[in-house]
Amino acid sequence: MIFFCIPQVKDQIYKLSKKSSYKNLNTELFDFFDGINNGNNSYHGKRLNCSSPNPFIKKRIEGRGGFRIYYYIIEINDSLFLTALHPKVGKLGKSNLSKDEIKSAQKRFKENYENRNYFKITLDRKKKELNFKMVTTQS
């Protein structure tokens, strides 16, 4: 599976990982993506759009007090697009996104996807880090 995220999510990952309360975010995301590459089910989570051919999934990572991620799976090209995330605890924590926030995340994804304005995420296994590369129309 190929992993991507919209710019707003990349910015949020960067911003959150700078805070000591959320410094493990990169590791948790790395483990999530690496787990999918090693056979874990990318559909494991709550599907929020049952009638769509491209599942939009809400998933908890790092247990109860960790993070919540929201992503689309585009089956036709074996891709996962991270469209929103938030911590579940701490100063910036919340249990879930509201319906309006979810709709907004879906709208941002569609706009960014149509304009090819997103980042490809690759895994650096030696450093256990995520690498982001902007996708261009030539890619």
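Hi everyone. Let me start with a term: a pocket here is an open set of grid points with protein on both sides within 12 Å along at least five of seven lines, and its lining residues have an atom within 4 Å of a point. Please keep in mind that this is a predicted model.

So, which helix gives the largest share of the lining of the largest pocket? That is H1, with four residues. H1 covers 7-17, and at least two lining residues each also come from helix H2 (25-37) and strand E7 (129-134). The volume of this largest pocket is about 220 Å³. If you want to find the pocket on your screen, look for Lys10, Ile13, Tyr14, Ser17, Lys18, Asn26, Thr27, Lys128, Glu129, Leu130 and Phe132, which line it. By type, the lining residues are four nonpolar, three polar and four charged.

Let's stay with H1 for a moment. Which residues of H1 are buried? They are Pro7, Val9, Ile13, Leu16 and Ser17. A reminder about helices in general: an α-helix has 3.6 residues a turn, so residues three or four places apart point the same way. The buried residues of H1 pack against quite a list of elements: E1, H2, E5, H3, E6 and E7. Ile13 and Ser17 are thus worth clicking on, as both are among the buried residues of H1 and both are in the pocket lining.

Now the sheet. Seven strands make an open sheet with mixed pairing, and the order is E2-E3-E4-E5-E1-E6-E7. Strand E2 (46-47) and E7 are the edge strands; each has a single partner strand, so one side of each has no neighbour in the sheet. E7 runs antiparallel to E6, and six bridges join the two. Two of the pairs are easy to show: leucine 123 has leucine 130 of E7 as its bridge partner, and isoleucine 121 has phenylalanine 132. You have met Leu130 and Phe132 already, in the lining of the pocket. Between E6 and E7 the hairpin has four residues, and lysine 128 there takes a positive phi near 55°. Lysine 128 is another of the lining residues.

Next, the largest nonpolar core. It holds 39 residues, and those touching the most other members are Leu29, Phe32, Phe33, Ile69, Tyr71, Leu82 and Leu85. Two or more residues come from each of E1 (2-5), H1, H2, E3 (56-61), E4 (67-74), E5 (79-87), H3 (99-114) and E6 (119-124). Which element gives the largest share of this core? It is E4, with seven residues.

Tyrosine 71 makes a nice case to look at. Leaving out residues up to four places away in sequence, tyrosine 71 touches Phe32, Ser42, His44, Pro55, Phe56, Ile57, Lys59, Leu80, Phe81, Leu82 and Thr83.

Last, two backbone details. Aspartate 78 is not a glycine, yet has a positive phi of about 50°. You will find aspartate 78 in the loop between E4 and E5, where it is partly exposed, with a relative accessible area of 41%. Arginine 116, also not a glycine, has a positive phi of about 50°. Arginine 116 is in the loop between H3 and E6 and is partly exposed, at 29% relative accessible area.

That's my tour. Thanks for listening!

Methods: Residues numbered from 1 in each chain as written. Predicted model: local features only at pLDDT ≥ 70, side-chain atom pairs only at ≥ 80, totals over all residues. Heavy atoms only, no water. 1 Å grid on protein atoms, 1.4 Å probe; cavity = no way out; pocket = protein on both sides within 12 Å on 5 of 7 lines; lining within 4 Å. Points joined across faces, edges and corners; volume = space filled by probe spheres on them. Nonpolar A, V, L, I, M, F, W, Y, C, P; charged D, E, K, R; others polar. Core = buried A, V, L, I, M, F, W, Y, C linked by side-chain atoms within 4.5 Å. Buried < 20%, exposed > 50% of the residue type's maximum accessible area, 1.4 Å probe, protein only. Contact = heavy atoms within 4.5 Å. Pairing = 2+ DSSP bridges.
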